[in-house]
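Please open the model in a viewer and keep a selection panel at hand. The tour below proceeds stop by stop, with a selection proposed at each.

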Amino acid sequence: MTGKAISQLREGIRLPESGNFLIGLSGGADSVALTMMIAEKVREGTIHAEVVHVNHGLRGIESDEDEHFVRELCRKLGIKGHVYRADLAGRSDEATAREARFACFRQALRETGADGMMLAHNADDQAETFMMRLLRGAGADGLQCMAEEQETDGIRILRPMLALGRNEIREALRKDEIPWREDSSNRDKAYFRNRIRIELIPRMEEIAPGTVKRICETTRLIRKDNEALQSAARERLKTAAKADLLRTDELESDPEAVQSRALRMWWRANGLKLDEHELSSDQTKQLMTLLKAKKGTVNLPGGYHADRSPGFLHLNGSVRETPAPVEVRRPETSFHGFRLTETPSEGNPGDGKRTQEVPAGFTVGCEIRTRRPGDRIQPFGLDHRRKLQDYLTDRKIPEPFRDQIPLLCRGEEVLWVCGVGAGNIPRWNKEENPVRLTWDGDIPWM
């Protein structure tokens with residue numbers, strides 16, 4: 001079924017020599033061309049490949065016709081196809097669609113055991129991404145754009161067509177009389193990428209023919225020069241970052257080029273995944289300023305913001321699940337990355353923050369959880385109870401930590417705040433057969 005023009009196109013790119021892959025097939029010209037090229041290698045017996053199509057249902061009957069087209073193409077090529085209907089929960093924005101699409105990719109990879117996903121991004125896509133990021137003020141790490149192979153959202157992505165232009169792909173399909181589907185939403189200028197595709201890039205090519213090719217070469221050079229700095233930033237984050245928490249003292253001695261890349265990597269790992277929400281250079285500068293400040297807040301894409309507390313940057317905006325309460329069990333109770341252990345007394349009351357000695361049996365009926373409205377604590381040594389919120393404020397615990405702190409509780413009464421202090425517990429007495437309670441885990445608010 002594959003014609004001479006597609007075969008010639010295939011000779012100009014690097015396809016895997018072996019392996020088991022999934023092909024993202026939307027039905028558009030680029031993904032159809034990629035599927036035809038891979039189908040040749042499948043027939044040659046050098047690789048195994050199957051197709052993944054995600055029907056987002058955003059264009060009604062047009063989306064269903066895309067799905068029918070993909071099914072028919074797979075049937076004609078003798079390639080197995082996996083079709084998914086994305087659940088967008090009533091939303092239609094690009095970020096939601098992308099998240100749903102990649103969720104389907106991950107599911108397909110689990111079901112097939114494939115080595116990775118092949119996507120049909122081309123040179124024009126690369127140039128458009130570069131211009132989007134340039135106009136938004138991205139730095140060098142953002143301007144390197146897409147790689148021929150990279151890890152994205154936990155998925156190995158291969159893009160073998162990045163060296164091919166959109167027009168030459170379509171011309172090859174026309175010569176071989178191979179049909180494809182056109183997505184009508186690609187003509188909607190309400191989308192930033194479409195405006196760049198329809199208006200900006202053609203005008204740049206008119207002024208300076210070969211613009212797309214030169215932009216792609218620029219991205220390659222930027223990527224090569226950026227690798228060393230990224231490697232240094234990546235090593236730094238291994239010790240400095242813990243999910244949405246970043247230790248500022250770990251970065252203070254690094255060059256600004258490493259600091260800025262570490263901050264952007266931190267955002268990519270924990271913020272919005274959509275390429276269009278890459279940090280701008282201005283936002284990166286604001287984070288750099290916040291890194292060196294004592295306090296403050298920086299607004300980030302998608303409603304996120306970064307807060308500064310002593311020693312840390314906190315990334316907020318994502319929905320953090322409240323961990324379920326856990327009944328205390330002796331000698332050890334695990335809770336959301338922490339562990340409370342009970343061991344024999346060491347002959348002293350403990351420091352009251354990480355260790356605390358209590359009478360044997362004191363924790364019977366207790367649970368470990370995070371704070372709730374109405375929580376109160378009777379600070380050790382006082383004869384009255386206080387709101388937990390006021391207690392944490394007095395102890396100068398930064399707000400971003402307060403919903404994460406493990407609490408030893410009996411009902412609504414807080415008996416011990418991990419890393420902060422004890423509440424209404426009996427005074428230490430070696431005659432009462434005390435036991436030692438110890439919190440294990442990372443306690444950055446201490």
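Which strands does α9 lie across, and at about what angle does it run to β8? Select α9 together with β7 and β8: the helix lies across both strands, and its direction makes about 105° with β8. The model on display is a predicted one.

**The five-stranded sheet**

Extend the selection to the whole sheet. It is open and has five strands, in the order β7-β8-β11-β10-β9, with antiparallel pairing. At its edges are β7 (241-242) and β9 (296-299), each of which pairs on one side only. Next, isolate β8 and β11 (residues 312-316), which run antiparallel and are joined by three bridges. Across this pair, Arg 247 stands opposite Phe 312 of β11. Now add α10, which packs on the sheet and touches β7, β8 and β11. The direction of α10 makes about 35° with that of β11.

Remain at the sheet and select Asp 307, which is in strand β10 (residues 305-309). Is this residue buried or exposed? Asp 307 has a relative accessible area of 14%, under the 20% limit, and is therefore buried. Its side chain makes a polar contact of 3.4 Å with the side chain of His 305. Beyond its neighbours within four places in sequence, the contacts of Asp 307 include Gly 296, Thr 297, Phe 312, Leu 313, His 314 and Pro 400.

**Salt bridges**

The structure holds 39 salt bridges. Side chains of opposite charge can pair when their charged atoms come close.

Begin with Arg 236 and Asp 254, whose closest N and O atoms are 2.6 Å apart. Arg 236 belongs to helix α9 (residues 211-240), whereas Asp 254 is in the loop between β8 (245-247) and α10 (256-270), so this salt bridge ties together parts that are 18 residues apart in sequence. Arg 236 is partly exposed at 24% relative accessibility, while Asp 254 is buried at 13%.

Move to Arg 170 and Asp 30, which form a salt bridge with a closest N-to-O separation of 3.2 Å. This pair links distant parts of the chain, 140 residues apart: Arg 170 is in helix α7 (residues 166-175), and Asp 30 is in helix α2 (residues 29-44). Colour both residues by accessibility: Arg 170 is buried at 15%, and Asp 30 is buried at 13%.

Then select Glu 399 and Arg 402, whose side chains meet in a salt bridge at 3.1 Å, N to O. Glu 399 is partly exposed, with 43% relative accessibility, whereas Arg 402 is buried, with 8%. Finally, show Arg 59, Glu 62, Glu 65, Asp 66, Arg 181 and Asp 183 together; salt bridges that share partners join them into one network.

**The nonpolar cores**

In soluble globular proteins, nonpolar side chains tend to be buried together. Which residues touch the most other members of the largest nonpolar core? Select Ile 6, Val 32, Leu 34, Met 37, Ile 38, Met 161 and Leu 173, which hold that place in a core of 35 residues. The elements that each supply at least two residues are α1 (4-11), β1 (20-24), α2, β2 (48-55), α3 (61-77) and α7. The greatest contribution comes from α2, with eight residues.

Centre the view on Met 161. Residues up to four places away in sequence aside, Met 161 touches a set that includes Ile 13, Asp 30, Leu 34, Met 37, His 121 and Ile 169. Apart from the largest core lies another, of 33 residues, among them Leu 388, Leu 392, Ile 397 and Cys 418.

**Backbone geometry in the loops**

Where is Pro 331? Select the loop between β12 (326-327) and β13 (332-335), in which Pro 331 lies. The peptide bond leading to it from Arg 330 is cis, with omega near 10°.

Two further loop residues have a positive phi without being glycine: Cys 145, near 60°, and Asn 433, at about 50°. Cys 145 is found between α6 (140-143) and β5 (149-152) and is buried, with a relative accessible area of 6%. Asn 433 is found between β21 (421-422) and β22 (434-440) and is exposed, with a relative accessible area of 55%.

Terms used
Residues numbered from 1 in each chain as written. Predicted model: local features only at pLDDT ≥ 70, side-chain atom pairs only at ≥ 80, totals over all residues. Heavy atoms only, no water. Salt bridge = Lys/Arg side-chain N within 4 Å of Asp/Glu carboxyl O. Helix = DSSP H or I, 4+ residues; strand = E, 2+ residues; numbered from the N terminus. Buried < 20%, exposed > 50% of the residue type's maximum accessible area, 1.4 Å probe, protein only. Pairing = 2+ DSSP bridges. Contact = heavy atoms within 4.5 Å. Axes fitted to C-alpha atoms, helices over the stretch in contact; angles between N-to-C directions. Polar contact = N/O pair within 3.5 Å; in protein donor to acceptor, adjacent residues only side chain to side chain. Core = buried A, V, L, I, M, F, W, Y, C linked by side-chain atoms within 4.5 Å.
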